[in-house]
Amino acid sequence: RILAALPKAELNRLTPHLSPVTLKVRTQLLDGHAEYAYFLEAGLASVVLTLASGATVEVGVVGIDGVVGVPSLLGAETMPGETFMQVAGSGYRIQAQLLKAEFERDGILRNLLQKYLLAHLVQSAQNAACNRLHTISERLSRWILTCHDRVQFDRMPLTHEFLGQMLGAPRSTVTLAAGTLHHAGLIDYTRGHVTIKNRKELENVACECYRTVRDEFRRLGLLSD
């Protein structure tokens with residue numbers, strides 16, 4: 001969405017430095033050091049923190065709404081955590097320092113990236129509150145809807161094991177929550193895929209965090225209604 005919103009002059013300046021890439025599941029996009037930045041046109045990337053115990057928890061997702069490579073925009077060469085593809089897709093890769101140089105120029109790109117940085121901070125902060133205060137069913141519903149907004153397909157390849165890692169919860173707990181949503185007719189879960197059957201009711205089950213973050217991304221023009 002960021003690239004698509006650029007005026008022709010700014011996009012033409014970036015185009016020679018953008019390389020189309022196909023991104024498989026688990027492809028590492030950022031692991032501490034940010035050599036490249038990525039604009040996704042399909043698929044979904046997870047921003048994940050791993051603790052000393054080996055436990056992992058997702059603190060954000062990136063899809064068509066944003067860019068992978070936030071550290072370089074802020075002048076930092078590294079940051080904790082990793083970002084990898086959760087749902088296979090495609091996009092464009094650019095050297096992080098080249099994008100930073102463009103970011104520092106006056107123009108629409110800087111404005112759009114600043115809006116995304118704000119939305120990304122809101123997402124991370126809201127997820128922290130969500131993981132502390134809301135039930136696993138509410139969190140799972142929020143997470144599925146968040147993915148759906150960015151992947152834009154009702155059927156998404158998401159295993160229970162992966163869901164547990166992303167939500168920081170035991171697989172058995174996620175299985176029970178997914179079963180509850182399935183029996184309520186809100187989702188189907190078969191062969192490692194989640195299919196949304198009743199999005200409206202799923203939104204009713206999700207905690208307020210989903211709507212807070214979604215509305216902020218929409219307000220900033222990063223997600224469509």
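**A buried aspartate, two nonpolar cores and a small sheet**

The side chain of Asp65 reaches the backbone nitrogen of Gly63 at a distance of 2.8 Å, and this contact is a convenient place to enter what is a predicted model. Asp65 itself sits in the loop that runs between β4 (56-62) and α2 (70-73). With a relative accessible area of 0%, Asp65 counts as buried, because the cut-off for that term is under 20%. A second partner of its side chain is that of Arg150, the two being joined by a polar contact of 3.3 Å. If residues up to four places away in sequence are not counted, Asp65 touches Ile2, Tyr116, Arg150, Phe217, Leu222 and Leu223.

From this loop one can move on to helix α2, where Ser72 is placed. Ser72 is likewise buried, with a relative accessible area of 2%, and its side chain reaches the backbone oxygen of Gly69 at 2.8 Å. Leaving aside neighbours within four places in sequence, Ser72 is in contact with Ala34, Ala96 and Lys100.

The nonpolar interior comes next. In soluble globular proteins, nonpolar side chains tend to be buried together. Here the largest nonpolar core has 36 residues, and those that touch the most other members are Ile2, Phe39, Val67, Leu99, Leu113 and Tyr116. Two of these, Ile2 and Tyr116, are also touched by Asp65. The elements that give two or more residues to this core are the strands β1 (19-23), β2 (28-33), β3 (36-50) and β5 (78-95), together with the helices α2, α3 (96-103), α4 (108-133) and α9 (208-219). Leu99 shows how such contacts are distributed along the chain: leaving aside its neighbours within four places in sequence, Leu99 is in contact with Ala37, Phe39, Val67, Leu73, Ile94, Leu109 and Leu113. A second, separate core of 30 residues includes Val61, Phe84, Cys147 and Ala178.

Ile94, one of the contacts of Leu99, lies in strand β5 and is buried, with a relative accessible area of 1%. Apart from residues up to four places away in sequence, Ile94 touches Leu14, His17, Leu18, Tyr36, Ala37, Phe39 and Leu99. Between Ile94 and Tyr116 there are 17 Å in space, C-alpha to C-alpha, for a separation of 22 residues in sequence.

Another part of the model is an open sheet of three strands, arranged in the order β6-β8-β7 with antiparallel pairing. Because β6 (155-157) and β7 (187-190) stand at the edges and each has a single partner strand, one side of each is left without a neighbour in the sheet. Neighbouring strands of this sheet are turned against each other by 20 degrees on average, direction ignored. The antiparallel pairing of β6 with β8 (residues 193-196) extends over three bridges, and Met156 stands opposite Val194 in β8. Helix α5 (residues 136-151) packs on the sheet, where it touches β6, β7 and β8, and its direction makes about 105 degrees with that of β6.

Finally, helix α6 (residues 160-167) and helix α7 (residues 171-183) pack at an angle of about 110 degrees, with their axes 8 Å apart, which makes α6 roughly perpendicular to α7. On the side of α6 the contact is made by His160, Glu161, Leu163, Gly164 and Leu167, and on the side of α7 by Arg171, Val174, Thr175 and Ala178. Ala178 thus takes part in this helix packing and is also included in the second nonpolar core.

Conventions:
Residues are numbered from 1 along each chain as its sequence is written. This is a predicted model: local features need pLDDT of at least 70, side-chain atom pairs count only at pLDDT 80 or more; totals for chains, interfaces and linings use all residues. Side-chain values use heavy atoms; hydrogens and water are left out. Two strands pair if DSSP finds at least two bridges between them. Helices (H or I, at least four residues) and strands (E, at least two) are DSSP runs, numbered from the N terminus. Axes are lines fitted to C-alpha atoms, for helices over the stretch in contact, and angles run from 0 to 180 degrees between N-to-C directions. Contact means heavy atoms within 4.5 Å. Buried means under 20% relative accessible area, exposed over 50%, partly exposed in between (1.4 Å probe, protein chains only). A polar contact is a pair of N or O atoms within 3.5 Å; within protein, one must be able to donate a hydrogen and the other to accept it, and residues adjacent in sequence count only if both atoms are side-chain atoms. A nonpolar core is a set of buried Ala, Val, Leu, Ile, Met, Phe, Trp, Tyr and Cys residues joined through side-chain atoms within 4.5 Å. Angles under 35 degrees count as roughly parallel, over 145 as roughly antiparallel, 65 to 115 as roughly perpendicular and the rest as oblique.
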